[in-house]
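Please set out how the descriptive terms apply to the structure shown here. Each answer should put a value against its definition and then conclude.

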Amino acid sequence: MASILGAGTACAKDFVIHAGKLIDGVSATPRTNVSIIVKDDRITGVQSGFVTPAGAEVIDLSGETVLPGFIDMHDHPSSNGDRRPLNRFVQTEGDAVIAAVGSARREVETGFTTVRDAGSGPLTLPAVNRAIAAGSIVGPRYWPALEPLGPTGGHGDRLNGLRPDISIAGRDAGIVDSPEEGRMKVREHHRRGAKVIKIMPSGGVGSIGDDPNHMTMTYDEMKAIVDAAHELGMKVLAHAHGKKAIDTAVKAGVDSIDHGTYSDAESYKLMKEHGTFLVPTLLVADAIYQNAVKSPETLPPTVAEKAIAVTPTMIGNAGRAYKAGVKIALGTDQGALSGRNKAEEFALLVKAGLPPIEAIFTGTRNAAELLGDSENVGSVQTGRFADIVAVKGDPLADITVLQQVDFVMKNGEVLKQNGTMLR
């Protein structure tokens, strides 16, 4: 599948990057003293030794570790990180756009050059993508999902916990209560600019009144959505916590299980058989747990109790899934304005039991494979987009150095250098 709004920056030109150490997203063994040749928005060569092609500007990263631009496979760019229930009544799509513009810049600042949206409003992300492509604002390459699809009373139902006589405009855009509605909503989302579909087959943690263990969509509903999306070239991610919802969604053909809290050995076996990825979302688990413990009054009713119960299981599940051979892709479930550095997800994955190089792969080559765009992103190879980051230090010795990105290039344009954003 072609990458979304991948090319077309007016600032791109010819560069050669002298990388002291290169983790290329292909090999588990880093290379030393490598030249990465960039023409316009693409990498045109990766050579041993430091070379300087005629006409190329040298970027000296000989004292740093160079990696592919990071990829977040579960993000909420239009969220400002404020979970107070009142926001459902005072914030509009306009507020979401403002948050997304700020988030887009922060994504790049922390090294994330490609991001899969896991749920946003009807207009926000397509508009932000257009502005990024036009050069009006700085941001990553977004893959919009628009409104998540789920049932009445499910995790995505915006009426949960409200008086029954209240209505919310636009709420029906994400409600699916039959296979027929599922197919129709996929086609509508595609028409409106979605590049990926998100479904909600289980209850959630951050919503009012529903139970993460409950399966809230039928197999037939999930299968209809998956089939319609795949026919249109779109992948499907499933928000799923409970085992029954996880196993059923895998059988229905979803491309990733996001969260996957109560997976077990049978779930891992199914995921391996179907090639289904797990996106563990450990950063949001840690963030909402800290919120629940320290400031439960800022969360909607029932959320704090669920967060305290679910979070430890989510972290343990990531390690067990990796050891069972399930493919893992990085997802933070945090808008970049949440107050946490999104690259903390790498360290949390290492804490869960992944070796540092495997944690790095979750946010580079694995994520690109799940996205269906490995020919463009996720690695430093000839022909890929020139999405490149660099850090001071060795992330294989200390994974936390990924939280201090010193250099960012996206589409051949230098957006951050010497720790400073350039525009």
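Q: Which residue just after α5 takes a positive phi, and what is the value?
A: G233, just after helix α5, has a positive phi of about 80°. The structure is a predicted model, in which local features need pLDDT of at least 70 and side-chain atom pairs count only at pLDDT 80 or more, while totals for chains, interfaces and linings use all residues. Residues are numbered from 1 along each chain as its sequence is written, and side-chain values use heavy atoms, with hydrogens and water left out.

Q: How do you know that the length of α5 agrees with what is expected of a helix?
A: The expected span is 1.5 Å times one less than the number of residues. Helix α5 (residues 219-231) has 13 residues and should therefore span 18 Å, and its end C-alpha atoms are 18 Å apart, which agrees. The term helix is used for a DSSP run of H or I with at least four residues, and strand for a run of E with at least two, both numbered from the N terminus.

Q: Which residues of α5 are buried, and what do they pack against?
A: Buried means under 20% relative accessible area, exposed over 50%, and partly exposed in between (1.4 Å probe, protein chains only). In α5 the buried residues are E221, M222, A224, I225, V226, A228 and A229. They pack against α4 (179-191), β8 (196-199), β9 (235-240) and α6 (243-252).

Q: What makes a set of residues a nonpolar core, and how many residues has the largest one?
A: Its members are buried Ala, Val, Leu, Ile, Met, Phe, Trp, Tyr and Cys residues joined through side-chain atoms within 4.5 Å. The largest such core has 69 residues, and I197, I199 and I257 have the most contacts inside it. Apart from that core lies another of 18 residues, including I17, V34, I36 and I59. In soluble globular proteins, nonpolar side chains tend to be buried together.

Q: Which residues does I197 touch?
A: Leaving aside residues up to four places away in sequence, I197 is in contact (heavy atoms within 4.5 Å) with L149, V186, H189, I225, A229, M234, K235, V236 and L237.

Q: Why is the pair R141 and D387 called a salt bridge?
A: The term requires a side-chain nitrogen of Lys or Arg within 4 Å of a carboxyl oxygen of Asp or Glu. The side chains of R141 and D387 meet at 2.7 Å, N to O, so the pair qualifies. R141 belongs to strand β7 (residues 141-143) and D387 to the loop between α12 (365-371) and β12 (388-391), so the bridge ties together parts that are 246 residues apart in sequence.

Q: Are R141 and D387 buried or exposed?
A: R141 has 1% relative accessibility and therefore counts as buried. D387, at 5%, is also buried.

Q: What joins the side chains of R141 and N411?
A: A polar contact of 2.5 Å joins them. That term means a pair of N or O atoms within 3.5 Å; within protein, one must be able to donate a hydrogen and the other to accept it, and residues adjacent in sequence count only if both atoms are side-chain atoms.

Q: What is notable about the phi of N411, and is this residue buried or exposed?
A: N411 has a positive phi of about 55° although it is not a glycine. It lies in the loop between β13 (405-410) and β14 (413-417). With a relative accessibility of 4%, N411 counts as buried.

Q: What is the phi of D333, and where does this residue lie?
A: D333 is not a glycine, yet its phi is positive, near 55°. Its place is the loop between α9 (303-323) and α10 (344-352). Its relative accessible area is 14%, so D333 is buried.

Q: How many salt bridges does a search of the whole structure find?
A: The search finds 21. One of them joins K13 and E57, at 3.0 Å, N to O. K13 lies in the segment before β1 (15-22) and E57 in strand β4 (residues 57-68), 44 residues apart.

Q: What makes K13 and E57 partly exposed?
A: K13 is at 40% relative accessibility and E57 at 39%; both values fall between the two limits, so each residue is called partly exposed.

Q: How do you know that D286 and R340 differ in burial class?
A: D286 is at 18% and counts as buried, whereas R340, at 21%, counts as partly exposed.
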